[in-house]
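Here's a friendly walk through the model you're about to see. Take a look at the structure first, then read on.

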Amino acid sequence: MKQPRFWYQKNTFAEKLLKPFGFLYGWIVQFRIQHTKAYQPKTSLICVGNICVGGTGKTPLCLALADYFQAKGKNVYFLSHGYKSKLQNILIDPRTHTSQQVSDEALLFANKLPTVVNKNRAQGLQKAEKYGADLVIMDDGFQNPTVEKKCALVVFDGLRGIGNGSCMPAGPLRESLKQGLTRAAAAVIVGEDKHNLAQQIKELYPKLPILKGHVEPLMNLEKRKGIAFAGIGNPNKFFDMLEKNGVQVTQKISFPDHYAYTREDIEQLLALKQELFTTKKDAVKIDIDLQPKLTVVDIRFVFDVPEQWDAFFERKIK
């Protein structure tokens with residue numbers, strides 16, 4: 001699904017109409033967290049989650065953290081719930097498994113490091129521990145109550161902020177900002193903080209660490225021209241990055257998050273006879289023989305003020 005526009009507008013009729021359901025949704029999330037017995041990890045666990053749905057920058061941050069801790073000699077595993085995955089509680093083999101079987105994010109992770117897929121986070125974590133992981137990066141799952149999360153990073157998109165500040169379906173929040181931050185080890189703001197999020201967070205929890213970073217492409221895009229398409233949580237973030245790095249984007253095509261591309265979809269785009277830019281996350285869902293005909297823009301997450309990140313992890317990760 002695509003996120004409704006009114007989620008990012010204040011005091012709309014739709015928000016007011018749906019707000020009671022948003023209160024109920026938030027209450028249910030808190031009830032589950034407070035009344036579910038959580039598994040205690042035997043290894044270091046970093047949860048990379050969010051309070052706002054979709055498109056905050058979790059995936060590139062997970063990949064950057066993997067590089068960071070691998071460089072420190074850690075045996076790092078990823079743990080993913082596998083959005084609509086057909087297989088569960090498995091260690092992904094990227095040579096044989098497809099994105100339809102294990103999800104786009106999980107396959108992207110598995111192309112880098114060992115990745116366990118399981119909607120049951122406790123079981124998935126136990127499997128990673130059994131294989132010898134001494135640090136597990138859990139993608140999403142901040143609201144999942146089945147695993148104790150002592151190092152939870154809550155990721156925010158600086159471009160969009162928290163929208164109208166209401167819980168789903170009235171707004172983009174999975175729970176209230178105040179409640180969510182009580183369980184966070186740190187807040188991470190990705191990109192320019194256009195909504196003064198850092199100040200909002202400081203007013204609620206002055207002692208909560210606020211870490212910052214940004215995403216940049218790994219290729220030179222200056223003076224390129226073409227069509228950009230993406231089926232991710234926030235396609236506009238990808239489009240803006242292209243333009244900021246010198247691409248003349250002639251058309252922007254947004255697909256729903258986790259969109260399953262058909263061969264016909266890509267052939268129709270190729271028929272437009274322009275260079276086609278897309279994300280690595282989208283590319284893993286496209287037929288292998290068609291991928292070379294696209295410009296797949298790989299990106300990396302960059303830690304702003306690396307010393308602050310170092311100091312934080314020295315305190316939190318043994």
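## Starting from Ile201

Leaving aside residues up to four places away in sequence, Ile201 touches Phe156, Leu181, Ala187, Pro206, Leu208 and Ile210; contact here means heavy atoms within 4.5 Å. Before going further: this is a predicted model, where local features need pLDDT of at least 70, side-chain atom pairs count only at pLDDT 80 or more, and totals for chains, interfaces and linings use all residues. Residues are numbered from 1 along each chain as its sequence is written, and side-chain values use heavy atoms, with hydrogens and water left out.

Ile201 sits in helix 7, whose buried residues are Leu197, Ala198 and Ile201. Buried means under 20% relative accessible area, exposed means over 50%, and partly exposed is in between (1.4 Å probe, protein chains only). Helices (H or I, at least four residues) and strands (E, at least two) are DSSP runs, numbered from the N terminus. Looking down the axis of helix 7, you'd find its buried residues within an arc of 100°, so they line one face of the helix; the arc is that of the directions from the helix axis to the C-beta atoms. What do these buried residues pack against? Their partners are strand 6, helix 6, strand 7 and strand 8 (210–217).

## Two nonpolar cores

Ile201 is also a busy member of the largest nonpolar core, which has 32 residues. Along with Ile51, Leu125, Val136, Phe156, Ile162 and Leu181, Ile201 touches the most other members. Such a core is a set of buried Ala, Val, Leu, Ile, Met, Phe, Trp, Tyr and Cys residues joined through side-chain atoms within 4.5 Å. The elements giving two or more residues to this core include strand 1 (44–49), helix 5 (121–130), helix 6 (177–181) and helix 7 (197–204). There's a second, separate core too: it has 31 residues, among them Val48, Ala66, Phe109 and Phe312.

Helix 6 is also home to Gly180, which is buried with a relative accessible area of 0%. Gly180 touches Ile51, Phe142 and Glu175, not counting residues up to four places away in sequence. Its C-alpha atom is separated by 13 Å from that of Ile28, and the two residues are 152 residues apart along the chain.

## A four-stranded sheet

Now for a sheet. Four strands form an open one in the order 10-9-11-12, with parallel pairing; two strands pair if DSSP finds at least two bridges between them. Strand 10 (247–254) and strand 12 (295–297) are the edges, each pairing on one side only. On average, neighbouring strands are turned by 30° against each other, direction ignored. Axes are lines fitted to C-alpha atoms, for helices over the stretch in contact, and angles run from 0 to 180 degrees between N-to-C directions. Helix 8 (residues 235–244) lies across strand 9, strand 10, strand 11 and strand 12, and runs at about 170° to strand 10.

How many bridges pair strand 9 (residues 224–230) with strand 11 (residues 275–279)? There are three, in the parallel sense. Gly226 has Glu275 in strand 11 as its bridge partner, and Ala228 stands opposite Phe277. Strand 11 is also joined to strand 12 by three bridges, again running parallel, and here Phe277 stands opposite Thr295. Four of the five residues of strand 11 are buried, so it is largely enclosed by the rest of the structure.

## Salt bridges

A salt bridge is a side-chain nitrogen of Lys or Arg within 4 Å of a carboxyl oxygen of Asp or Glu, and the count comes to 17. One of them joins the side chains of Lys58 and Asp139 (3.8 Å, N to O). This pair links distant parts of the chain, with Lys58 in helix 2 (residues 58–70) and Asp139 in strand 5, 81 residues apart. Buried or exposed? Both Lys58 and Asp139 are buried.

Glu175, the residue we met touching Gly180, forms a salt bridge with Arg183 (2.7 Å, N to O). Glu175 counts as buried at 0% relative accessibility, whereas Arg183 is partly exposed at 21%. Over in helix 9 (residues 263–270), Arg263 and Glu267 lie four residues apart, about one turn of the helix, and their side chains meet in a salt bridge (3.2 Å, N to O). Arg263 is partly exposed at 36%, and Glu267 is partly exposed at 40%. Both belong to a network of salt bridges that also links Asp287 and Asp289.
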